[in-house]
Amino acid sequence: MKLLDKIFKFNGGIQAETKKDISTKKTIKSLPIPSEIRLPLRQHIGKMAKLRVKVGDQVLKGELIAEADGNISAAIHAPTSGKIKSIEKLLIPHPSGLPDFCVTLIPDNNDKWVKKFPIDWKNISLKETNKLLLNSGIVGLGGAAFPSHLKLGTNRNSPIKTLIINAAECEPYITCDDMLMRERGKDLIEGIELVQSLLGAEETIIGIEDNKLEAFKIISSLIEKKPNIYIKVVPTIYPSGDAKRLIFLINGIKIPKEKRSSEYGIQMFNVATIVAIFRFIQYGEPSLSRIVTITGNIKEPRNYEVLFGTPLRSLVKDAGGQKIKNNTFLMGGPMMGFTLPSIDVSVTKTMNCVISAEPEMIQVTEEPLPCIRCSKCAEACPVSLQPQELFWFSKSDQFEKAQNYNLFDCIECGCCSYVCPSNIPLVQFYRYAKSEIISQSIAAEEADIARERNDFRILRLDREKKERAERNAQRKAENTNTDKLKLIEEKRAEIAAAMDRIKNEKNI
Amino acid sequence: MINQQSPFIKKAPSVTWIMMLVMLGLVPGTLACVFFFGIGILLNLTIAIITALIFEYFILKIRNLPIKLFITDGSAIVAASLLAISIPSIAPWWIIVIGTFFTIIVAKHLYGGLGSNLFNPAMIGYAVLLISFPAVMTKWPLPASHLLDFNLAQQIQIFVYGTKDVIDSVSSATPLDYIKTQILLNRPYEVNFTKGMPINSYFNASIIISLSFLIGGIFMWIKKIITWHLPITFLISLALISSIFWLVDSTRYLSPFIHLFSGGTLLCAFFIITDPVSGPTTPKGKIFFAFGVALLVYLIRVFGGYPEGIAFAVILMNICVPLIDSLTQPKVFGHE
């Protein structure tokens, strides 16, 4: 074990009240099996999982309900044994607030496991291991929900040198990773060793914020005799847990927006993801549950081990309900989270934290003042953007300029809004500008296609018109010719007849 | 607007709070000015603030903007105060009113109001007054003379009726003005800071006033309302530029010491050029801007037609702000 001291500080960031001690006083509790489980088929980045069951099917715990559809997708398993009740569109915990396909399962409370298949990864090829991981259902549990088998995949140009474990957990309130490290440190370290050898990495660095002393002590003692695992304490400055910010803090490498860390020989996993991978490979247990922090305006804030698909309502009920009733819950942290559309949504793979909204979080905020260009936002921006300029361009729909000022490098961390004296919801303006630009470019593409089509149509119509005109002209010409000839002939005939008559008369 | 999107927490001083801290920062300097130049400074301040609020009220009404929201932001009070402090203590009331009119109505609201003004409003008001009424604007009483020979009644009389017959005996040109004239006329001038100068000499008064503004400035820096970039660059640049000239010919050019501690140098460094709205926003831009102001201040003071060049220097550099900002964009994370 070695303590690395050198820290590379990124620009700005904020030091908000962490409010983490609210939910770390009690140990992780397993939430009992709920009376109904509703599993969204899309809990990850990528394609929706392909359904493998039908209504009325009996499933066992850990049985495949939906398999990964292609490579960028993740499987869904039954979190407990029971019967499939229905497959329909229900509200899911997503910022859009739109319903999506869910499988409803009625548990039989036997919690009977399907046959587990631990992976003998040391004796099979990496490719085979990876193939098995495709149906583990494991995604990045830090919140990104990127399918993990892709990160462990062999399809890489550059070898991975360093495995970085994201244990920063920089958002206020959230403590699920903290508690996991405190209580399941052993699984974590074994998982790290496993993933490190799967990746072929030389070393592992655990990045942890300096506000998690207890977790730090436990992990430090566990890696004392591990020569290739280091722990690095980073300052509690939000957003230190953002992947690229954490890599910079640890290694001093600034990875641009459009690049992946693997191109720099670095791969990063969240602590919870590591434990999930470990449990899948060691015990053959797919991703069925996660640790969720429930905190904020709630009677008994703590961390729960919750089966995916459990209705949020059960979780809230077990935690004693809201202190002040307002029926508003945030998913994720207060800096980047969003309000849940309903208390009836279910816990998913990305739900690391549920904050029962404090009244001041959702109160009607004061009217924003104009920007006074104090540049506090620029001082706080961890990406070194100029938020005041981006705001100006977004507000006045100068999207091209906004892009020139690197709007798309914005990670929407919210630091600028947090420090703005004029109370301007800056991040909302950037989201608006981004979505406008994206929809404009789609519209432009469609317009291009439409224009091409239209040009072709005009060309075709022109050509047809011309052809028709030519044909008409020809016909007309032909017609007139024949008519004239006819006329002339008729006249000639008449003349001839007249002449004949005259001749005949003379002859008489 | 309902805050339904992240972030759900925030911790920022309000604009009103920032403006209040700026006013607090102005307190030591103002008190020093009152001590040396009389209660007239306070009269100026009071009238400036009152008229500024009245102007602000009416223009907000005309522009159909929410009056309570904008009148409580404190920006009008700060702009009016900065203007008032720059005006001689023996100026009549209408000078203040005209200056405030240009500060609030013309420089601030005709350009779009809070956050949109291109030019520093207080400096526009000051420049208009300096050009229109040079005689009044360059006549200050001898420092601390009010302690000796005029009372409050007399001050108010000056304030209402002007200085005509009252105090020609106690008013004079500012030191920068005096020295400039002496140098132009090739006459010797006396500046001695260390020996035998009474407390009421211009220079010692100037030094104490400057240090009081410095204290206020440091207060604002500690409170994180301003960063070091603008004031420090401005002061260092002015010191460097004046040192170069002074070292070349110390008989024709004043020492950097006099430049730093005369006129409104310190007031300018911490309170005038730090106006966020009309100034640059990037760290590098702030350095260029402050250097530009320092250079122009020096050139106007030494070679220009006015004894003090801060207002013009600031306004001229305000013009360059959009260019400076666009040329000094910091490197975005991962773009180097």
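**Exercise 1. Find which strands of chain A helix α3 lies across, and give its angle to β13(A).**

Start with the helix: α3 of chain A covers residues 176–183. Next, look at what it crosses, namely β13, β14 and β17 (353–356) of chain A. Finally, take the direction: α3 runs at about 125° to β13(A). Keep in mind, as you work, that this is a predicted model.

**Exercise 2. Place β13 and β14 in their sheet, and work out which strands stand at the edges.**

Begin with the pair itself. Strand β13 (residues 289–296) and strand β14 (residues 302–307) of chain A are antiparallel and share six bridges. For one of these contacts, pick Arg290(A), whose bridge partner in β14(A) is Val306(A).

Now widen the view. The open sheet has six strands, ordered β1-β14-β13-β17-β15-β16 in chain A, with mixed pairing. At its edges stand β1 (29–30) and β16 (338–339) of chain A; each has a single partner strand, so one side of each has no neighbour in the sheet.

**Exercise 3. Decide whether chain A is more spread out than a compact globule.**

First, count the elements: chain A holds 14 helices and 17 strands. Then compare two values. The radius of gyration of chain A is 34 Å, while the globule rule gives 23 Å for 508 residues, so the chain is more spread out than a compact globule. As a last step, read the spans of the C-alpha trace of chain A along its principal axes, about 145 × 65 × 50 Å.

**Exercise 4. Locate the largest nonpolar core and look at one of its residues.**

This core has 222 residues, and those with the most contacts inside it include Ile274(A), Val354(A), Met123(B) and Val314(B). Domain 1 (21–331) and domain 2 (371–508) of chain A both contribute residues, so the core lies between them. Now zoom in on Val314(B): among the residues it touches are Asn120(B), Met123(B) and Val293(B).

**Exercise 5. Asn327(A) and Arg373(A): is each buried or exposed?**

Check the backbone first. Most residues other than glycine have a negative phi. Asn327(A), however, has a phi near 55°, and Arg373(A) has a positive phi of about 55°.

Next, find their places. Asn327(A) sits in the loop between α8 (312–318) and β15 (329–331) of chain A, and Arg373(A) in the loop between α9 (359–362) and α10 (376–380) of chain A.

Last, use the neighbour counts. Asn327(A) has 11 C-beta neighbours inside 10 Å, so it counts as exposed. Arg373(A) has 24 inside 10 Å, so it counts as buried.

Technical notes: Residues numbered from 1 in each chain as written. Chains lettered and ligands numbered in written order. Predicted model: local features only at pLDDT ≥ 70, side-chain atom pairs only at ≥ 80, totals over all residues. Core = buried A, V, L, I, M, F, W, Y, C linked by C-beta atoms within 7 Å. Buried ≥ 20, exposed ≤ 12 C-beta atoms within 10 Å, placed from the backbone. Domains from an automatic or database assignment. Contact = placed C-beta atoms within 7 Å. Helix = DSSP H or I, 4+ residues; strand = E, 2+ residues; numbered from the N terminus. Rg over C-alpha atoms; globule rule 2.2 N^0.38 Å. Pairing = 2+ DSSP bridges. Axes fitted to C-alpha atoms, helices over the stretch in contact; angles between N-to-C directions. Lists of a residue's contacts leave out its neighbours within four places in sequence.
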